Amino acid sequence: MFILLLGSLALGFILGGYFNDIGLGFLTVTGIYFLMMVLSILFRKKLKLFLTNIAVENAMEAMSNHDDEDDDEE
């Protein structure tokens, strides 16, 4: 969370320098976060399914690798 905060501050100042207005830079960062929030709300079911599939695939792969290691020891 701390890295996200520092990154947001840095991006706000960088964009502020680009736009020659610090407030507009931070407003742009706020807009980016708002857009990400709206998109995550709109696609929450697909996003949840996608993240669940990744977690299950990683768990199955870890279990498969663990079983392979047990076979090698015997």
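# Exercises on a three-helix chain

What covers the buried residues of helix 1 includes helix 2, where buried means under 20% relative accessible area, exposed means over 50%, and partly exposed lies in between, with a 1.4 Å probe and protein chains only. The model is a predicted one, in which local features need pLDDT of at least 70 and side-chain atom pairs count only at pLDDT 80 or more, while totals for chains, interfaces and linings use all residues. Residues are numbered from 1 along each chain as its sequence is written, and side-chain values use heavy atoms, with hydrogens and water left out.

**Exercise 1.** State how many helices and strands the chain has, and in what order the elements run.

*Solution.* Begin with the definition: helices (H or I, at least four residues) and strands (E, at least two) are DSSP runs, numbered from the N terminus. By this rule the chain has 3 helices and 0 strands, and from the N terminus on the elements run α-α-α. Next, turn to burial, where 8% of the 74 residues of the chain count as buried.

**Exercise 2.** Work out which residues of helix 1 are buried, and where they lie around the axis.

*Solution.* First take the length of the helix: helix 1 has 18 residues and reaches 26 Å from its first C-alpha to its last, close to the 26 Å expected at 1.5 Å a residue, the expected span being 1.5 Å times one less than the number of residues. Then list the buried residues of helix 1, which are Ser 8, Gly 12, Leu 15 and Gly 16. They cover an arc of only 105 degrees around the axis, so they are on the same side of helix 1; the arc is that of the directions from the helix axis to the C-beta atoms. Finally, look at the other side of helix 1, where Phe 2, Ile 3, Ile 14 and Tyr 18 are exposed.

**Exercise 3.** Find what Ser 8 and Leu 15 touch, leaving aside residues up to four places away in sequence.

*Solution.* Contact here means heavy atoms within 4.5 Å. Start with Ser 8, which counts as buried because its relative accessibility is 13%; Ser 8 is in contact with Phe 26, Val 29 and Tyr 33. Continue with Leu 15, which counts as buried because its relative accessibility is 17%; Leu 15 touches Gly 25, Thr 28 and Val 29. As a last step, compare sequence with space: Leu 15 and Val 29 are 14 residues apart in sequence, and 8.3 Å apart in space from C-alpha to C-alpha.

**Exercise 4.** Describe the backbone and the exposure of Asn 20.

*Solution.* Locate the residue first: Asn 20 is in the loop between helix 1 and helix 2. Most residues other than glycine have a negative phi. Asn 20, although not a glycine, has a positive phi of about 60 degrees. Because its relative accessible area is 73%, Asn 20 is exposed.

**Exercise 5.** Identify the residues that make the nonpolar surface patch, and the elements that supply two or more of them.

*Solution.* The patch, of about 620 Å², is made by Met 1, Leu 4, Leu 11, Ile 32, Tyr 33 and Met 36. The elements that give two or more residues to this patch are helix 1 (2-19) and helix 2 (22-42), and the largest share, 3 residues, comes from helix 2. Leu 11, found in helix 1, counts as partly exposed because its relative accessibility is 35%. Patches are made of residues with over 30% relative accessible area and no salt bridge, with like charges joined within 9 Å and nonpolar side chains (Val, Leu, Ile, Met, Phe, Trp, Tyr) within 5 Å. A salt bridge is a side-chain nitrogen of Lys or Arg within 4 Å of a carboxyl oxygen of Asp or Glu.

Key: Accessible areas come from the Shrake-Rupley method with a 1.4 Å probe; for residues, only the protein chains shown count as cover.
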